[in-house]
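User: I would like a close look at one part of this protein, the packing of its aromatic rings. Please take me through it step by step, with the cut-offs behind each term.

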Amino acid sequence: MQALTAPTGGRDRNAAVLPLPAFNDNYIWAIVRGGEAAVVDPGDAGPVLQWLAQNGLRLRAILLTHHHGDHVGGVPELSRIEGITVYGPAQEQLPRCDVRLAQGDRVAIPELDLDLAVLDVPGHTAGHIAYFGRAAGLEPVLFCGDTLFAGGCGRLFEGTPAQMHDSLGKFAVLPPDTQVFCAHEYTLANLRWALAVDPANRSLQQWHQQAQQLRAEGLPTLPSTIGQERAANPFLRTQEVEVVHAAERWAGHSHATPVEVFASLREWKNDFK
């Protein structure tokens, strides 16, 4: 199957979740079982159409997390495929959306062994959603768009630090073996910053070494896991003493709440080179 290496599915050897590279650093996540497929956040139709044709697959569904062009740009062209359903956030302007979703909703596609719960995760955009559950028999999985990245999180284009901190908190309580399928290959840059925040963190040091090796081999660093993120991602560690002290040193003043710590971390990351 033509894609970069990624986990296969759970119970079915004919099922998998695969990354289709797009643009400079995007991944369109493809969920396949048998001869059918769904894709998450297709910013570009080209890689999807090529992959479908090369593997003789039929596209059943598109799952969208938010409205940014590098996540929805391929929807109009893919919409020409007969019989597809487009799922997406209820509160955002999208090129097409047949089923509008908010927290508490579910997406179930039995043919793909897919059953995903929807989470509202504003911050990067005002109406951003994520999908948690099972896909291609693989579980637990999280498709989080641009809310959580491996070792980082999305910029606050439309939301507040409090909103994003709350959204990341919804991810932090998921099972530690949850595989995190974020939408960009930002891992090395994020981990370099994380090491500036928390240089003595052994889990972080090991993760950085592993990620460097994967990229040297031309492989994705994704998915991460919630356990990895909780152990090493500063944005999920805003109550840890080392992270709090680092944020305060960078900001030049004390912080009274985890949201204040998060806000300083996000500003620090914005300017980090």
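Which residues do ring pairs link into a cluster?

Analyst: This is a predicted model, in which local features need pLDDT of at least 70 and side-chain atom pairs count only at pLDDT 80 or more, while totals for chains, interfaces and linings use all residues. Residues are numbered from 1 along each chain as its sequence is written, and side-chain values use heavy atoms, with hydrogens and water left out.

The cluster that ring pairs join together consists of Trp 193, Phe 235, Trp 250, Phe 262 and Trp 268. Across the whole structure, the search finds 8 aromatic pairs, where rings of Phe, Tyr and Trp (its six-membered ring) pair if their centres lie within 6.5 Å, and planes under 30 degrees apart count as stacked, over 60 as edge-to-face and the rest as tilted. One of these is the pair of Phe 149 and Tyr 186, which is edge-to-face, with 4.9 Å from centre to centre and 75° between the planes. Because Phe 149 belongs to strand β11 (residues 148-149) and Tyr 186 to the loop between β13 (179-182) and α5 (187-197), this pair ties together parts that are 37 residues apart in sequence; helices (H or I, at least four residues) and strands (E, at least two) are DSSP runs, numbered from the N terminus. Phe 149 is buried, at 4% relative accessibility, whereas Tyr 186 is partly exposed, at 29%; buried means under 20% relative accessible area, exposed over 50% and partly exposed in between, with a 1.4 Å probe and protein chains only.

Within the cluster itself, the ring centres of Trp 193 and Trp 268 lie 6.2 Å apart with their planes at 85°, so this pair is edge-to-face as well. Trp 193 sits in helix α5 and Trp 268 in helix α9 (residues 258-271), and the pair thereby links parts of the chain 75 residues apart. Trp 193 and Trp 268 are both buried.

Another aromatic residue, Phe 157, leads to a further site, since His 68 is in contact with Phe 157, as it is with His 124, Thr 125 and Glu 158, leaving aside its neighbours within four places in sequence; contact means heavy atoms within 4.5 Å. His 68 counts as buried, at 17% relative accessibility, and His 124 is buried too, with a relative accessible area of 4%. According to UniProt, in an unreviewed entry, the feature "binding site" falls at His 66, His 68, His 124 and Asp 146, though such annotations may be inferred rather than shown by experiment. These residues span 81 residues in sequence, yet no two of their C-alpha atoms are more than 10.0 Å apart, so they gather at one spot.
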